[in-house]
Amino acid sequence: MDLQDKVLIITGASDGLGKGLALRLAKDKARVVLLARNQDKLKAVKEEIIKFSGKAEYFVCDVGKPEQVQSVVKSIKSAYGKIDVLINNAGIWTTGPLEAHPIDKIKDLFATNTLGTIFMTREVLPMMKAVKSGQILNVMSIAGVEEVDAYGIVYVATKHALQGFTDTLKQELQGTGIKVMGFYPGGMATNILAASGVKMEVDMKQMMRVEDIAEIIAFVLKQPADVVIDHFEVRKFT
Ligand SMILES: NC(=O)c1ccc[n+]([C@@H]2O[C@H](COP(=O)([O-])OP(=O)(O)OC[C@H]3O[C@@H](n4cnc5c(N)ncnc54)[C@H](OP(=O)(O)O)[C@@H]3O)[C@@H](O)[C@H]2O)c1
């Protein structure tokens, strides 16, 4: 599959893996549509892409807010007329014992990590169904397949819920021409830990490079139409 001129939505594209994916996939001449909450950071990513003659546009969107998701997908529909690929990547993290999780933090984790993916997918699906093709790639985590308390008890729950959603969606969409893929990475060198506010000593050399993961995802998205890599786990090899 050629990504040239494909319309590709990436949530959480202002930083970390989402930004790395946007830069990498724009190099394949995809028309990348960047979603996140921070307009300045989104604008900077767009400008970086335009510098190498890539095609990018951004929309400010909190994926945990269904009314924002509906309005942004509507705008994307009128601007582009199609959506070929949806990468549900936006995510937040925290850890610690359950009682130390403030109620609002628990709600935010589920709103962004789990509901955000469900809301985005729900809005995008009719356009993909209408043309009987599309690719939906959900970024989970090894915390979606392993129960390790250090990963964060609520974070683990959000990603396990997403794993159930992803695998069931795959069944629901059988025969529609839409591919559903679940991606389960280990630790990546991004700002997700810093963004959480949790104080932790982390050796970034033990984390995978965003550029390497973006390369793997580019490969996955470019598989022939009758091939799908529908569940893939990627870990640091030492
Ligand atoms: N880094 C790791 O070690 C690791 C490991 C396994 C899985 N993952 C998963 O990989 C994905 C990307 O994480 P990352 O490491 O790249 O994190 P990151 O560097 O912190 O980036 C997270 C991105 O998500 C956006 N975001 C957060 N809340 C949002 C919301 N409510 N609506 C829209 N966008 C939102 C942030 O932008 P704004 O603040 O501008 O909204 C940012 O662009 C996440 O799903 C994460 O769970 C990460």
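This tour moves through the model by selection, from the ligand shell to two backbone positions.

The model is predicted; local features require pLDDT of at least 70, side-chain atom pairs count only at pLDDT 80 or more, and totals for chains, interfaces and linings use all residues. Residues are numbered from 1 along each chain as its sequence is written.

**Ligand shell.** Select the ligand and the 32 residues around it; a residue is near a molecule or strand if its C-beta atom, placed from the backbone, lies within 6 Å of it. Gly 12, Gly 16, Arg 37, Asn 38 and Gly 91 come nearest. Colouring the shell by residue class gives 13 nonpolar, 15 polar and 4 charged residues. Here Ala, Val, Leu, Ile, Met, Phe, Trp, Tyr, Cys and Pro count as nonpolar, Asp, Glu, Lys and Arg as charged, and the others, Gly among them, as polar.

**Helices at the ligand.** Next select α1 (16-27), α4 (103-131) and α6 (192-196), each of which supplies at least two residues of the shell. The greatest contribution is that of α1, with 3 residues. Helices (H or I, at least four residues) and strands (E, at least two) are DSSP runs, numbered from the N terminus.

**Asp 5.** Move to the segment before β1 (7-11), where Asp 5 is located. Asp 5 is not a glycine, yet has a positive phi of about 65°. Asp 5 is exposed, with 12 other C-beta atoms within 10 Å. By this count a residue is buried at 20 or more other C-beta atoms within 10 Å of its own, exposed at 12 or fewer, and partly exposed in between, with C-beta atoms placed from the backbone.

**Lys 132.** Finally, select the loop between α4 and β5 (134-139), which contains Lys 132. Lys 132, also not a glycine, has a positive phi of about 55°. Lys 132 is exposed, with 10 other C-beta atoms within 10 Å.
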